[in-house]
Each structure stands twice: as structure tokens, then as C-alpha cells.
Amino acid sequence: MLYKARSESVVLKTLRILNKRMKLTEDEQWYYLNQEKGFEGEVQFDLLTEKLQHNCLILNDLQLESNKSSFQLDSTLIFQETYSLFEVKNYEGEYVYDSEYFKTPGGKDIQNPLDQLKRSKLCLQQLLQSLGSKLTIEAYIVFINPHFTLYQTPPNLPLILPTQIDHFMEKLNQKPSQLNQSHTNLADKLVSLHQTVPPNIHLPTYTYENMKKGMTCLKCNSFSLFISGKKVICRKCGYEELVTLAVMRNVEEFRFLFPELKITTNMIHEWCVIVNSKKRISRVLGKNLKITGLGQWAFYE
Ligand SMILES: [Zn+2]
């Protein structure tokens, strides 16, 4: 049973907007694409855990703290006797196992993710202990991408390769497990401890001034839009959206990037670019947000 769903992280959400509205450096671009790929892999794994019948509670994406150490868990399942923890990796291509690094013929080595898994497991163990839970932790790395191969993998490591996933999930599904109130209490507790904004997030520096202004298409992210009557139409893909909805969607981006800036008619008029009339902007804001103050000092919340 799904107990805590996954949503895009603050980092990924921000990077998605920044990628549209400013020029990311090569490193930032690489970081962004990795975040996107990681999220995609996690969502793929969610599709598999959601099929588990009724013997576990599913908690996705937990950001927790134990003994002042922060740790993040991609996917976790509470069973009667065990707490299963999964680190999901969406790596692609051919790698050779090494205790420190996974090596590729192309030379792009990646750190052996078992180190991270060990740390997460230890942190979770301490946290569960402090919460009085006696569940045994089983921790695994799942390589979700079917185009991933890892040569020379030693046996008996908690690594689940793409070809082993189906069988592994089948075994989980058949695991005898009777849940009671104590399991639900633990799940509630962990959800309450989850931090929506993780500490130490790394984001590119950005300012209002260096953002590209304009509304973007919901479907293809293009800035090439025009207004016709009540609709905003994309020149690139033809997608049509009501002006009201498009403006509010772009206001949300503005608010997400700049929570410290006030939402005013002038500001949003400048942000949206293609809506000529300030009156129209003001009407949309007035309909969807609460106005505070009067005249030129009015802003929306
Ligand atoms: Zn479009």
C-alpha cells in the first residue's frame, strides 16, 4: 500500500525552470540532466513497488536526520519483520565492477554506490532504534535501467541488476507479512520527520535580472507563444491554453524562484511579456490570488 508518494524535489523543480530561463554552465547542465534521469528511474521503480499486493507500506523519497546526519532514502517498504531500503540507480551502459569505482571503457567512472548505501543503512538503523522499532533493515541497490550491464559483479552483494528485478519483486510480493498498528505508527512517524526542503542543496546562482522573461508552453517549453482571444497558442507545437491558466502557471514559476519578491501587476506584466494589457494581468491575479494593499502598493498572495 502506497503510504508516501514521490514528487519532484525542490532541486529538480528549480533546475527545470532555470534550464528554460537561463544558460546553465556545462557542469550545471550535467547535474540537471542527472537529476532528471535519477527521478525518472525512481518513478520507474515506483511502478514496480506499487504492484506489491497488500503486505507492506510503501514510503517513497524520505529525507531524514539521525544524530545530526542527513540522509535521503529513495524508496522504502515496511514489512512485518523487515524494513527494506532501496537506492535506485538509473545508470546506463556497460560498467566493470570495482570495490571503489564502477569503470567504463569510455573512462567515465562512477563511485561504487555501495558506500552510499552503507551510510544510509547505518543512519536508518540509528533512527529506527531511537524510535523503538525492532525491524531488521535490508538494503539494496536497484539498477533500474534495462540498458545497464555490470561485469565482474561479485556474488552476494546487495545489488539487483536489471535482469534480476522481476524475480526479486516476485519474492517480495510473496513475503509473508502481517501488518499492525505499530507499523502504521512507524510510517506516520517517518512521514512526520520527512524534510521537504533538504539541507545543503546546491543550485546555480540566479537573479531576477538574469532570468529570461516570457511565458513558456506547457507542452514543449517554447517561449514562442502568441495570444488569440482567450487563448495562448504555441507557434512551435500548436498547444493551446487559456490565458488565465498560462499566466497563473508562470506566476507559480515566478513565486517558486523568487519567494522573497512581491507579486504585483507590474512585476507579472514584465514576467509574462506577451500579455499586453496590465488590466488583463490584474484581472487574472485578482481572480486567483488574494490582494493586499491598494493602488500602486497592492500585491497578491
Ligand atoms: Zn509548445
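# Two sheets, a zinc site and a nonpolar core

I141 has L159, in strand 10, as its bridge partner. That pair belongs to the contact between strand 8 (residues 136-143) and strand 10, which run parallel and share 2 bridges. Keep in mind that this is a predicted model. Below is a quick tour of its sheets, its zinc site and its largest nonpolar core.

**The six-stranded sheet**

- Strands 8 and 10 sit in an open sheet of 6 strands, ordered 1-2-3-4-8-10, with mixed pairing.
- Strand 1 (2-4) and strand 10 (159-160) are the edges; each has a single partner strand, so one side of each has no neighbour in the sheet.
- Helix 3 (residues 114-130) packs on this sheet and touches strand 2 (57-66), strand 3 (69-78), strand 4 (82-89), strand 8 and strand 10.
- The direction of helix 3 makes about 85 degrees with that of strand 3.

**Strands 5 and 9**

- Strand 5 (residues 93-96) pairs with strand 9 in the parallel sense, over 4 bridges.
- One of the matched pairs is E94 with T149, the latter in strand 9.
- Side chains alternate along strand 9 (residues 148-151): F148 and L150 are buried and point to one face, while T149 and Y151 point to the other and are not buried.

**The three-stranded sheet**

- A second open sheet has 3 strands in the order 11-12-13, paired antiparallel.
- Strand 11 (225-228) and strand 13 (240-242) are its edges, each pairing on one side only.
- From one strand to the next, the twist averages 30 degrees.
- Strands 12 and 13 are joined by 3 bridges in the antiparallel sense, and I233 stands opposite E240 of strand 13.
- Helix 6 lies across strands 11, 12 and 13, at about 85 degrees to strand 13.

**The zinc site**

- Four cysteine SG atoms coordinate the zinc ion, from C217, C220, C234 and C237, at 2.3 to 2.4 Å.
- The donors follow a C-x2-C-x13-C-x2-C spacing in sequence.
- Angles among the 4 donor atoms run from 105 to 114 degrees, and the site is tetrahedral. For reference, the ideal angle for four tetrahedral donors is 109.5 degrees.
- C217 has 3% relative accessibility, so it counts as buried, the cut-off being under 20%.
- C220 comes out at 26%, so it counts as partly exposed.

**The largest nonpolar core**

- This core holds 35 residues, and V247, I268 and L285 touch the most other members.
- At least two core residues come from each of helix 1 (10-21), helix 2 (26-49), strand 12 (231-234), helix 6 (243-257), helix 7 (265-272) and helix 8 (278-288).
- Helix 6 gives the largest share, 7 residues.
- As background, nonpolar side chains in soluble globular proteins tend to be buried together.

**A closer look at L257**

- L257 is found in helix 6.
- Is L257 buried or exposed? Its relative accessible area is 3%, so L257 is buried.
- Setting aside residues up to four places away in sequence, L257 touches T14, I17, L18, Y206, M211 and W271.
- T14 is 243 residues from L257 along the chain, and the C-alpha atoms of the two are separated by 6.9 Å.

Key:
Residues numbered from 1 in each chain as written. Predicted model: local features only at pLDDT ≥ 70, side-chain atom pairs only at ≥ 80, totals over all residues. Heavy atoms only, no water. Pairing = 2+ DSSP bridges. Contact = heavy atoms within 4.5 Å. Axes fitted to C-alpha atoms, helices over the stretch in contact; angles between N-to-C directions. Donors = N, O, S within 2.8 Å, 3.2 Å for Na, K, Ca; no water. Tetrahedral: all angles 85-135°; square planar, octahedral: opposite > 155°, others 65-115°. Buried < 20%, exposed > 50% of the residue type's maximum accessible area, 1.4 Å probe, protein only. Core = buried A, V, L, I, M, F, W, Y, C linked by side-chain atoms within 4.5 Å.
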